[in-house]
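User: Hello! I am new to this structure and would like a close look at one part of it. Could you take me through the first helix and what surrounds it?

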Amino acid sequence: MDRVIQLLDGSINELSKLEEELKNLNEDELGQIAASYPFNDYFHELVSKLNRWKNELERN
C-alpha cells in the first residue's frame, strides 16, 4: 500500500511540474496544445482525483 501511495504522490508531483511548464508557454504554444486536446479541464480533474485517491488511501 505504501508503494501505491508513493507512486500516486510521484505522479501528482510530476503533473504539477507539467502544469508549471504549461504556464511558461507563450500564447501560440499554448494554443497548439489546447487545439490538440482539451487538456485544461481534464488535467485539473485528473490531478484532483489523484489527490483524493491518495488522501483516501493514506487515511485507511
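Analyst: Here is a walk along helix α1, with its buried side, its outer side and its salt bridges in turn.

Please keep in mind that this is a predicted model. Helix α1 covers residues 2-23. Its 22 residues reach 32 Å from the first C-alpha to the last, close to the 32 Å expected at 1.5 Å a residue.

Let's begin with the inner side. The buried residues of α1 are Ile5, Leu8, Ile12, Leu15 and Leu22. Looking down the axis of α1, you would find these buried residues within an arc of 100°, so they line one face of the helix. A general point about helices helps here: with 3.6 residues a turn, positions three or four places apart point the same way.

Leu15 makes a good example of this face. Its relative accessibility is 17%, and because buried means under 20%, Leu15 counts as buried. What does Leu15 touch, leaving aside residues up to four places away in sequence? Its contacts are Phe43, Leu46, Val47 and Leu50. Take Leu46 from that list: it sits 31 residues from Leu15 in sequence, yet the two C-alpha atoms are 9.2 Å apart in space.

Now follow the helix to another meeting point, this time with Lys54. That residue belongs to helix α3, which spans residues 39-59. Setting aside residues up to four places away in sequence, Lys54 touches Ile5, Leu8, Asp9 and Ile12. Three of these names may look familiar: Ile5, Leu8 and Ile12 are among the buried residues of α1. Lys54 itself has a relative accessibility of 12%, so it counts as buried too.

The remaining contact, Asp9, brings in charge. As a general matter, side chains of opposite charge can pair when their charged atoms come close. Here, the side chains of Asp9 and Lys54 meet in a salt bridge, at 3.3 Å from N to O. This pair links distant parts of the chain, with Asp9 in helix α1 and Lys54 in helix α3, 45 residues apart. Is Asp9 buried, exposed or partly exposed? At 30% relative accessibility, Asp9 counts as partly exposed, whereas its partner Lys54 is buried.

The structure holds four salt bridges, and another of them lies within α1. Lys23 pairs with Glu20, their closest N and O atoms being 3.4 Å apart. Both residues lie in helix α1, three residues apart, which is about one turn of the helix. Lys23 is exposed, with a relative accessible area of 56%, while Glu20 is partly exposed at 45%.

For a counterpart in helix α3, look at Lys49 and Glu45. Their side chains form a salt bridge of 2.9 Å, N to O. These two residues are four apart in helix α3, so about one helical turn separates them. Lys49 is partly exposed, with a relative accessible area of 43%, and Glu45 likewise counts as partly exposed at 43%.

Finally, turn to the outer side of α1. The face turned away from its buried side carries the exposed residues Asp2, Arg3 and Lys17. In the segment before α1 you will find Met1, which counts as exposed at 62% relative accessibility. Together with Val4 and Trp53, Met1 forms a nonpolar patch on the surface, with about 330 Å² of accessible area among the three.

Key. Residues numbered from 1 in each chain as written. Predicted model: local features only at pLDDT ≥ 70, side-chain atom pairs only at ≥ 80, totals over all residues. Heavy atoms only, no water. Buried < 20%, exposed > 50% of the residue type's maximum accessible area, 1.4 Å probe, protein only. Contact = heavy atoms within 4.5 Å. Patch = residues over 30% accessible without salt bridge, like charges linked within 9 Å, V, L, I, M, F, W, Y side chains within 5 Å. Areas by Shrake-Rupley, 256 points an atom, 1.4 Å probe, with all protein chains shown as cover. Expected span 1.5 Å × (residues − 1). Arc of directions from axis to C-beta.
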